[in-house]
Amino acid sequence: MITKKKENLIHTFMYVCFMAFVMTGYNITVHQGFSADLIKVTWLSFPPTFIIAFTLEYFIVGRHGMKLVLKLHKQHHTPFQKRAITALVFVAAMATLMSLCFSILSVGISKELPLTWASNLAINALFAYPLIVFVAGPLVGFVFRKIFPEGSIVDV
């Protein structure tokens with residue numbers, strides 16, 4: 001469990017890097033199809049996506065989401081159940097906000113916005129939840145603890 005501010009910042013950075021890159025590639029593939037330029041287009045689209053995602057995650061979703069997660073976690077839950085609950089809260093919030101942001105960029109504030117947002121939210125949430133539970137969570141957690149063993153980051 002991450003308890004220190006510096007650990008949280010670094011862990012969030014790593015998590016958002018992974019998720020923003022994969023979700024950017026996924027959305028490009030869904031909306032434009034698979035192509036030879038997928039990695040290039042994803043890489044060029046990644047910086048603004050990362051900035052938006054990190055800002056939302058660190059300053060809004062992370063702060064409020066963890067309060068909800070801590071209320072939902074029960075003593076009898078297994079570590080996997082706790083990770084699944086945490087992922088559900090964060091995917092619900094981040095998929096909703098990121099889908100809204102990019103729907104607005106796509107169609108603007110128009111009558112198409114609600115349908116575009118709902119469509120984007122559905123395809124993003126359905127992909128993001130298993131990605132976080134089965135890939136990002138274990139992978140980022142493993143890499144984070146290999147780079148920063150427990151107690152190696154000290155807040156000053």
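**Helices, burial and one salt bridge**

User: Where does A95 lie, and what makes that stretch a helix?
Analyst: A95 lies in helix α3, which takes in residues 79-107. A helix here is a DSSP run of H or I with at least four residues, a strand is a run of E with at least two, and both are numbered from the N terminus. The model is a predicted one, in which local features need pLDDT of at least 70 and side-chain atom pairs count only at pLDDT 80 or more, while totals for chains, interfaces and linings use all residues. Residues are numbered from 1 along each chain as its sequence is written, and side-chain values use heavy atoms, with hydrogens and water left out.

User: Why is A95 called buried?
Analyst: Happy to show you! Its relative accessibility is 8%. Buried means under 20% relative accessible area, exposed means over 50%, and partly exposed is in between (1.4 Å probe, protein chains only). At 8%, A95 therefore counts as buried.

User: Which residues is A95 in contact with, leaving aside neighbours within four places in sequence?
Analyst: They are F90, L121 and A125, where contact means heavy atoms within 4.5 Å. The C-alpha atoms of A95 and L121 are 6.0 Å apart in space, although the two residues are 26 apart in sequence.

User: How do you know whether N120 is buried or exposed?
Analyst: N120 has a relative accessibility of 8%, so it is counted as buried. This residue sits in helix α4, and it touches H31, S99 and S103 once residues up to four places away in sequence are set aside.

User: What makes R145 and E7 a salt bridge?
Analyst: The rule asks for a side-chain nitrogen of Lys or Arg within 4 Å of a carboxyl oxygen of Asp or Glu. For R145 and E7 the closest N and O atoms are 3.5 Å apart, so the pair meets that rule. R145 belongs to helix α4 (residues 113-147) and E7 to helix α1 (residues 5-32), so the pair ties together parts that are 138 residues apart in sequence. The count by this rule is one salt bridge.

User: Are the two partners buried, exposed or partly exposed, and what are their relative accessible areas?
Analyst: R145 is partly exposed, with a relative accessible area of 24%, whereas E7 is buried, at 2%.

User: Why does S152 count as partly exposed?
Analyst: Its relative accessibility is 41%, so S152 falls in the range between buried and exposed. S152 is found in the segment after α4, and its C-alpha atom is separated by 9.3 Å from that of E7, 145 residues away along the chain.

User: How many helices and strands does the protein have?
Analyst: There are four helices and zero strands, giving the pattern α-α-α-α along the sequence.

User: Why is the protein called as compact as a globular protein of that length?
Analyst: The radius of gyration is taken over C-alpha atoms, and the globule rule is 2.2 Å times the number of residues to the power 0.38. For 156 residues the rule gives 15 Å, and the protein comes to 16 Å, close to that value, so it is as compact as a globular protein of that length. The C-alpha trace spans about 45 × 30 × 30 Å along its principal axes. Of the 156 residues, 33% are buried.
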